[in-house]
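Open the model in your viewer and keep the selection panel at hand. The tour goes from the sheet to two helices, then to the empty spaces.

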Amino acid sequence: MTAPSPDSGTSGTPGTPGTPGTPPTAATAARIDIPGGREVTHRDVAANGARFHVAELGDGPLVLLLHGFPQFWWTWRHQLTALADAGYRAVAMDLRGVGGSDRTPRGYDPANLALDITGVVRSLGEPDAALVGHDLGGYLAWTAAVMRPKLVRRLVVSSMPHPRRWRSAMLSDFGQTRASSHIWGFQRPFVPERQLVADGGALVGQLIRDWSGPRLPEEDDVAVYQRAMCIPSTAHCSVEPYRWMMRSMARPDGLQFNRRMKRPVRVPTLHLHGSLDPVMRTRSAAGSGEYVEAPYRWRLFDGLGHFPHEEDPVAFSTELVNWLKDPEPDR
């Protein structure tokens with residue numbers, strides 16, 4: 001069955017996250033403001049057989065920002081400004097099926113999603129990019145660095161271990177399996193989608209609060225993510241990557257992907273993690289450097305949860321910019 005168009009529904013006012021009582025649309029969720037009144041450029045680019053919404057700010061070397069679940073490009077609003085001020089072309093994209101990007105009926109395996117990312121790099125007219133990924137975006141950033149190493153200049157991953165470490169932890173670490181109970185819940189048909197959009201996306205707000213550290217998000221920020229999840233077909237597209245990741249573990253395609261990810265990452269890598277992350281345990285993420293044959297830096301943010309880039313944007317952005325500007329990042 002073909003997914004509904006991302007622009008279906010009643011349009012709201014551009015530049016706002018939507019009007020209460022108005023059905024959310026891709027346009028109202030994707031093209032919203034960021035703090036500080038900075039003028040972000042919104043446009044669509046074609047890549048890998050689909051259309052992707054990107055939000056862009058600044059000029060210089062490309063830094064491509066990849067969001068996780070249950071969010072979209074807006075999660076990088078603080079880093080867009082920080083990177084632009086530091087002399088970078090900061091671009092945050094909506095992954096396939098989320099925000100203002102196409103909701104295709106298939107194509108949610110990590111290999112194809114990684115090709116979306118590298119395709120966007122090419123469509124932006126750049127020879128390469130520094131990839132910055134959080135959660136699912138981090139999983140895909142690891143994958144892209146292995147599959148298309150010539151297009152990845154540097155790699156920054158937050159709150160997500162290397163895919164082989166993730167697989168091992170999910171299969172052998174009961175603590176990690178319990179922490180990732182939501183992923184097991186996504187394997188049910190139909191039910192997760194209904195739960196994510198019930199009561200105006202209330203579950204999305206609950207997950208973000210539960211996964212954050214002591215610095216809880218503002219209610220207005222949570223409401224933005226709730227409305228974005230309620231765009232038709234977004235909930236389904238958001239859980240499809242996790243369905244593939246779990247269901248393919250014993251299938252030939254999943255085993256082939258796992259073997260493919262044995263190839264080492266050969267670009268400088270910065271690995272960021274919150275010490276209080278309840279979703280991805282520190283012991284699961286630590287040790288991913290064994291898959292990196294290049295300078296690798298591990299940075300643990302004390303007292304932060306699953307969303308360090310939002311919980312303490314100044315500390316996160318400072319670490320990110322300083323590392324990107326370091327011509328010889330240490331191992």
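In what order do the 8 strands of the open sheet run? The order is β1-β2-β4-β3-β5-β6-β7-β8, with mixed pairing. Strands here are DSSP E runs of at least two residues, helices are H or I runs of at least four, and both are numbered from the N terminus. Two strands pair if DSSP finds at least two bridges between them.

Before going on, note that this is a predicted model: local features need pLDDT of at least 70, side-chain atom pairs count only at pLDDT 80 or more, and totals for chains, interfaces and linings use all residues. Residues are numbered from 1 along each chain as its sequence is written, and side-chain values use heavy atoms, with hydrogens and water left out.

**Stop 1: the sheet**

Select 41-47 and 296-301. These are the edge strands β1 and β8, each pairing on one side only. Look along the sheet: the twist averages 25° from one strand to the next. Now add β7, residues 269-274. β7 and β8 pair in the parallel sense over 6 bridges. Show histidine 271, which stands opposite tryptophan 298 in β8.

**Stop 2: helix α3**

Select 110-123 for α3. The helix lies across β1, β2 (50-57), β3 (62-66), β4 (89-93) and β5 (129-134). α3 runs at about 115° to β1. Angles run from 0 to 180 degrees between N-to-C directions, and axes are lines fitted to C-alpha atoms, for helices over the stretch in contact.

Add α4, residues 136-147. The two helix axes come within 9 Å and cross at roughly 80°. That makes α3 roughly perpendicular to α4 (65 to 115 degrees).

Which residues of α3 meet α4? Show Pro110, Ala111, Leu113, Ala114, Leu115, Ile117 and Thr118. Their partners in α4 are Tyr139, Leu140, Thr143, Ala144 and Met147. Contact means heavy atoms within 4.5 Å. By class, this contact has 10 nonpolar, 2 polar and no charged residues. Ala, Val, Leu, Ile, Met, Phe, Trp, Tyr, Cys and Pro count as nonpolar, Asp, Glu, Lys and Arg as charged, and the others, Gly among them, as polar.

**Stop 3: the cavities**

A search of the whole structure finds 3 cavities of 30 Å³ or more. On a 1 Å grid over the protein atoms alone, a cavity is a set of points where a 1.4 Å probe fits but cannot get out; lining residues have an atom within 4 Å of a point. Points are joined across faces, edges and corners, and a volume is the space filled by probe spheres set on them.

Select His67, Gly68, Gln71, Val98 and Ser238. Of the 20 residues lining the largest cavity, these lie nearest its centre. Its volume is about 170 Å³. α11 (234-247) gives the largest share of this lining, 4 residues. The lining divides into 13 nonpolar, 6 polar and 1 charged.

Next, go to the second largest cavity, with about 90 Å³ of space. Its lining includes Tyr139, Arg164, Trp166, Trp244 and Phe257. α5 (163-172), α11 and α12 (252-260) each give two or more residues. The largest share, 4 residues, comes from α5.

**Stop 4: a pocket**

Finish at the second largest pocket, about 160 Å³. A pocket is an open set with protein on both sides within 12 Å along at least five of seven lines. Select Leu216, Pro217, Glu218, Glu310 and Glu311, the closest to its centre among 13 lining residues. By class, the lining has 5 nonpolar, 2 polar and 6 charged residues.

Technical notes. Parallel < 35°, antiparallel > 145°, perpendicular 65-115°, else oblique.
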